[in-house]
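Here are some notes for a colleague opening this entry for the first time. They are numbered so that each point can be checked separately.

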Amino acid sequence: MSTYKLVCPHCCSRLRIRTSEGTHIFLRIAYLQCLNEACGWCVRAQFEMTHEMSPSGMPNPNVHLPMAPIAMRREAMRAADDQPDLLDVLDTEVLSA
Ligand SMILES: [Zn+2]
């Protein structure tokens, strides 16, 4: 399992997911809290699946998302070379919650 970190934009400490709820098959809401007691920032975040980057090998006929345009796929390849971002973190931690 990856050990990506969610980082507080105020104090740069680690954020943890206090709770999360699925509101739609493509949308998950998460409530995050900064682990630095002096900061204590809490925030609502959402993780939304918006575009298909590559088709499923086991497609569910009820799942319909637009295919990502070529520019978006190029951007995703560039982002994969960078540091993990917020979405990488949400993906990892929500799935393990
Ligand atoms: Zn903080």
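Leaving aside its neighbours within four places in sequence, which residues is Leu 32 in contact with?

1. The model is predicted. In this model, and with neighbours within four places in sequence set aside, Leu 32 is in contact with Leu 6, Leu 15, Arg 16, Ile 17, Arg 18, Trp 41, Cys 42, Val 43 and Ala 45. Leu 32 is also one of the eight residues of the largest nonpolar core.

2. The other residues listed for that core are Leu 6, Cys 8, Leu 15, Ile 17, Ala 30, Cys 34 and Ala 45. Two elements, β2 and β3, give two or more residues to the core. The biggest contribution is that of β3, with three residues.

3. For the overall layout, the chain has two helices and four strands. Read from the N terminus, the order of elements is β-β-β-β-α-α. Of the 97 residues in the chain, 20% are buried. Among contacts with a separation of 6 or more, 31% are between residues 24 or more positions apart.

4. The four strands form an open sheet, ordered β1-β2-β3-β4, with antiparallel pairing. Its edge strands are β1 and β4, each of which pairs on one side only.

5. Taking the strand pairs in turn, β1 and β2 are joined by two bridges in the antiparallel sense. Val 7 has Arg 14 in β2 as its bridge partner. Between β2 and β3 there are eight bridges, again antiparallel, and a hairpin of two residues connects these strands. Strand β4 covers residues 42-48 and runs antiparallel to β3, to which it is joined by seven bridges.

6. Ala 30 is a useful residue for following the sheet across. Its bridge partner is Ser 20, a residue of strand β2. Ala 30 also stands opposite Ala 45 in β4. Both Ala 30 and Ala 45 belong to the largest nonpolar core.

7. Ser 20 deserves a look at the side-chain level. Its side chain makes a polar contact with the side chain of Arg 28, at 3.1 Å. With neighbours within four places in sequence left aside, Ser 20 is in contact with Arg 28, Ile 29 and Ala 30.

8. Which residues coordinate the zinc ion? The ligands are Cys 8, Cys 11, Cys 34 and Cys 39, each through SG, at 2.3 to 2.4 Å. The angles that the four donor atoms subtend around the zinc ion are 96 to 113°, so the arrangement is tetrahedral.

9. Along the sequence, the spacing of the zinc donors is C-x2-C-x22-C-x4-C. Cys 8 sits in the loop between β1 (6-7) and β2 (14-24), while Cys 34 is in strand β3 (residues 27-34); the pair therefore ties together parts that are 26 residues apart in sequence.

10. Are Cys 8 and Cys 34 buried or exposed? Cys 8 counts as buried because its relative accessibility is 0%. Cys 34 has a relative accessible area of 5%, so this residue is buried as well. Cys 8 and Cys 34 thus appear in two of the lists above: they are among the residues that coordinate the zinc ion, and they are among the members of the largest nonpolar core.

Conventions
Residues are numbered from 1 along each chain as its sequence is written. This is a predicted model: local features need pLDDT of at least 70, side-chain atom pairs count only at pLDDT 80 or more; totals for chains, interfaces and linings use all residues. Side-chain values use heavy atoms; hydrogens and water are left out. Donors are N, O and S atoms within 2.8 Å of the metal (3.2 Å for Na, K and Ca); water is not among the atoms, so sites may look incomplete. Four donors count as tetrahedral if all angles lie between 85 and 135 degrees; four count as square planar and six as octahedral if opposite donors are over 155 degrees apart and all others between 65 and 115; anything else is irregular. Buried means under 20% relative accessible area, exposed over 50%, partly exposed in between (1.4 Å probe, protein chains only). A nonpolar core is a set of buried Ala, Val, Leu, Ile, Met, Phe, Trp, Tyr and Cys residues joined through side-chain atoms within 4.5 Å. Contact means heavy atoms within 4.5 Å. Two strands pair if DSSP finds at least two bridges between them. A polar contact is a pair of N or O atoms within 3.5 Å; within protein, one must be able to donate a hydrogen and the other to accept it, and residues adjacent in sequence count only if both atoms are side-chain atoms.
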